[in-house]
Amino acid sequence: MRVLGIETSCDETAVALVETNPWSTDILAQVISSQIELHRPYGGVVPEMATREHLRNLPLLVPQVMKEVNLSLDAIDAVAATEGPGLASSLLIGHSYARALAIALSKPMIGVNHLEGHLISPFLANRRAVEFPFVGLIASGGHTLLVHALGWDRYLKLGSTVDDAAGEAFDKVAKLIGLPYPGGPEIEKMALKGNPEAFGLPRSFPERDNLNFSFSGLKTAVRFFYEKSPQMQTEPEWAYDLCASFQKAVVDVLVRKAVAAVAQSRVERLAVSGGVLCNKMLREELEFTCYEAGIDLVLADAASCTDNAGMIAGVAAEKLAAGVEPRCGDDINPNLSLFASSEADGDAARGLSAAIKLKNRQAKKGLQEEDVVAPGEVEVW
Ligand code: KG4
Ligand code: ZN
C-alpha cells in the first residue's frame, strides 16, 4: 500500500510517499522545504508568511516526489495530511490540497495527528514496525510530552511542560544571548566550547514520580547570570560556559524523566523524536542511560526528528495496514489532542491521579474499559 503524505502544520512544507511492507513502512521519497531563512529575521514563525510559502511550495513538491520514484499519482492508495495541532492557516493549505487531490484521484483522504506522527517517526526512521507498548518522548519547539503508547489511538499523557517547550527554551535563551533563530543548534555550537558544570542551574521537578517539565526557572537563572556579566554581553566566548550548563540542565531533565516514565509505565521501549533530538548531547545521554537501564531505545534520525511528511503518511499507512480506522480527514483542528479525553489530558498535566478520575468517570457513565484510554495503566501518579 502506498500513501502520499503532506505536512504543513508550521513552517516546513513536506511531502512524502511511503509504502508498507510486511515488516515496516518505507519512505520511498520525501522532500522538505524549510522556511527557517524566511522567518529568521523575525525571531520566530510569521504565520501569514508560512501560509503563502506552503501555497507556493505544494504544487512543486508533490510532482517532485512522484518524479523521484517514477510513479504517477494513480499509483497511490490514499492521501494523508496533518489535521492538527498546528497553525490553523498553515494546516488549512496542506489539508485542502490533500483533500482536493484525494477527490480528483477518487482515493481516501486521511487526517493525521501531527503528534502521532512524531511518536512513530523513530520506528519509521529505523525501518522497524511500530511496536506497542512504548513510552514516547516528543521534545520540539512546540511540545515537550511524555506519552504511554498502548496501541493505535490509545495514548496516555504521562507528563508535559507546564510552561515553555524544551525547544522553545533553547530558542528563548539563544535570543537573550543574541543568537539567531532557531536557537537550539546555535546554543549547541556554543556549548561545545564550554564547561557544562560551570554554572549550577536549576532542574525542574526532580522528584522521580513527577513527569512534568518546567523550563521557566532555568530560563530565569540563565537570564540572571547573563545580565550580571557585562563580558558575556559584549564577547560571545564568555557565554560558552553558560550555554553548556543550560544545555546540560535541559538534557538532564529530559533523560531523567524519560527513563522514569519507562520504569513507571513498565514498558521496555522508549521512542524519542522532535527537533531537540537533533542535539548530540541529548542523543548520547539517552543512548548511554538506556543502555545501562536495559531499555530498547528507538531514536528518530536527523531527518525525521524535525517536522516531516514521512511520519504523516506513515501513520496513515500503518493504520490502514493494521485495519485501524483512520481519521476521516474532513477538517483541520489546530488544537487536536492526542488523548481520548481532554479532561484526562488536563488532569495528567496537573499531576493528579488520572487513574482515579477515569475510573470514577467510567463508573458514572457506565462506560466499558475499551471506551476510554486504558485506566489500569495510569497508576504512575
Ligand atoms: O520539531 P521541530 O522542528 O519543530 C516543532 O514542531 O516545534 O523543532 C524545532 C525546535 C526548535 O525550538 C529548535 O531550536 C530545536 O528544535 N532544535 C534544537 C536543536 N536543533 C533544533 N534544540 C537543541 N539542540 C539542537 N541541536
Ligand atoms: Zn512537530
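Start by selecting Leu4 and looking across to strand 2, where Leu17 is its bridge partner. This is a predicted model, in which local features need pLDDT of at least 70 and side-chain atom pairs count only at pLDDT 80 or more, while totals for chains, interfaces and linings use all residues. Residues are numbered from 1 along each chain as its sequence is written, and chains are lettered from A and ligands numbered from 1 in the order in which they are written.

**Stop 1: the sheet around strand 1**

Widen the selection to residues 2–7, strand 1, and residues 12–20, strand 2: the two pair in the antiparallel sense over six bridges. Helices (H or I, at least four residues) and strands (E, at least two) are DSSP runs, numbered from the N terminus; two strands pair if DSSP finds at least two bridges between them. Strands of a sheet pair through backbone hydrogen bonds, either parallel or antiparallel.

Now bring up the whole sheet. Five strands form an open sheet with mixed pairing, in the order 3-2-1-4-5. At its edges are strand 3 (25–34) and strand 5 (109–113), each pairing on one side only. From one strand to the next, the twist averages 20°.

Next, select residues 47–69. This is helix 2, which packs on the sheet and touches strand 1, strand 2 and strand 3; its direction makes about 30° with that of strand 2. For such angles, axes are lines fitted to C-alpha atoms (for helices over the stretch in contact), and angles run from 0 to 180 degrees between N-to-C directions.

**Stop 2: Leu58**

Stay in helix 2 and pick out Leu58. Is Leu58 buried or exposed? Leu58 counts as buried because it has 22 C-beta neighbours inside 10 Å. The cut-offs are 20 or more other C-beta atoms within 10 Å of a residue's own for buried, 12 or fewer for exposed, and partly exposed in between, with C-beta atoms placed from the backbone.

Show the surroundings of Leu58 too: leaving aside neighbours within four places in sequence, it is in contact with Ile6, Thr13, Ile93, Gly94 and Tyr97. Contact here means that the C-beta atoms of two residues, placed from the backbone, lie within 7 Å. For a distance to check in the viewer, try Leu58 to Val15: 7.8 Å from C-alpha to C-alpha, with their positions 43 residues apart in sequence.

**Stop 3: ligand 1**

Centre the view on ligand 1. Which residues come nearest? Of the 20 residues around ligand 1, they are Ser140, Gly141, Gly167, Gly184 and Gly275. A residue is near a molecule or strand if its C-beta atom, placed from the backbone, lies within 6 Å of it. Highlight helix 5 (166–177) and helix 6 (183–191), the elements that give two or more residues to this shell.

Colour the shell by residue class and you will find six nonpolar, ten polar and four charged residues. In this scheme Ala, Val, Leu, Ile, Met, Phe, Trp, Tyr, Cys and Pro count as nonpolar, Asp, Glu, Lys and Arg as charged, and the others, Gly among them, as polar.

Then colour by domain. Ligand 1 lies between domain 1 (2–126 + 306–322) and domain 2 (134–300), because both give residues to its shell. The domain bounds come from an automatic or database domain assignment.

**Stop 4: the sheet around strand 9**

Another open sheet awaits, with five strands in the order 8-7-6-9-10 and mixed pairing. Strand 8 (154–160) and strand 10 (296–299) are its edge strands, each pairing on one side only. The twist averages 20° from one strand to the next.

Select residues 269–273, strand 9, which pairs with strand 10 in the parallel sense over four bridges. Among the bridge partners are Leu270 with Leu297 in strand 10 and Arg269 with Asp296, also in strand 10. Strand 6 runs parallel to strand 9, joined by four bridges, and Val135 has Leu270 as its bridge partner in strand 9.

Turn on the side chains of strand 9. Arg269, Ala271 and Ser273 point one way, Leu270 and Val272 the other way, and all are buried.

Finish this sheet with helix 10 (residues 280–293), which packs on it, touching strand 9 and strand 10, at about 160° to the direction of strand 10.

**Stop 5: His148**

Last, select His148 in strand 7. With 26 C-beta neighbours inside 10 Å, His148 counts as buried. Gln264 lies 9.9 Å from His148, C-alpha to C-alpha, although the two are 116 residues apart in sequence.
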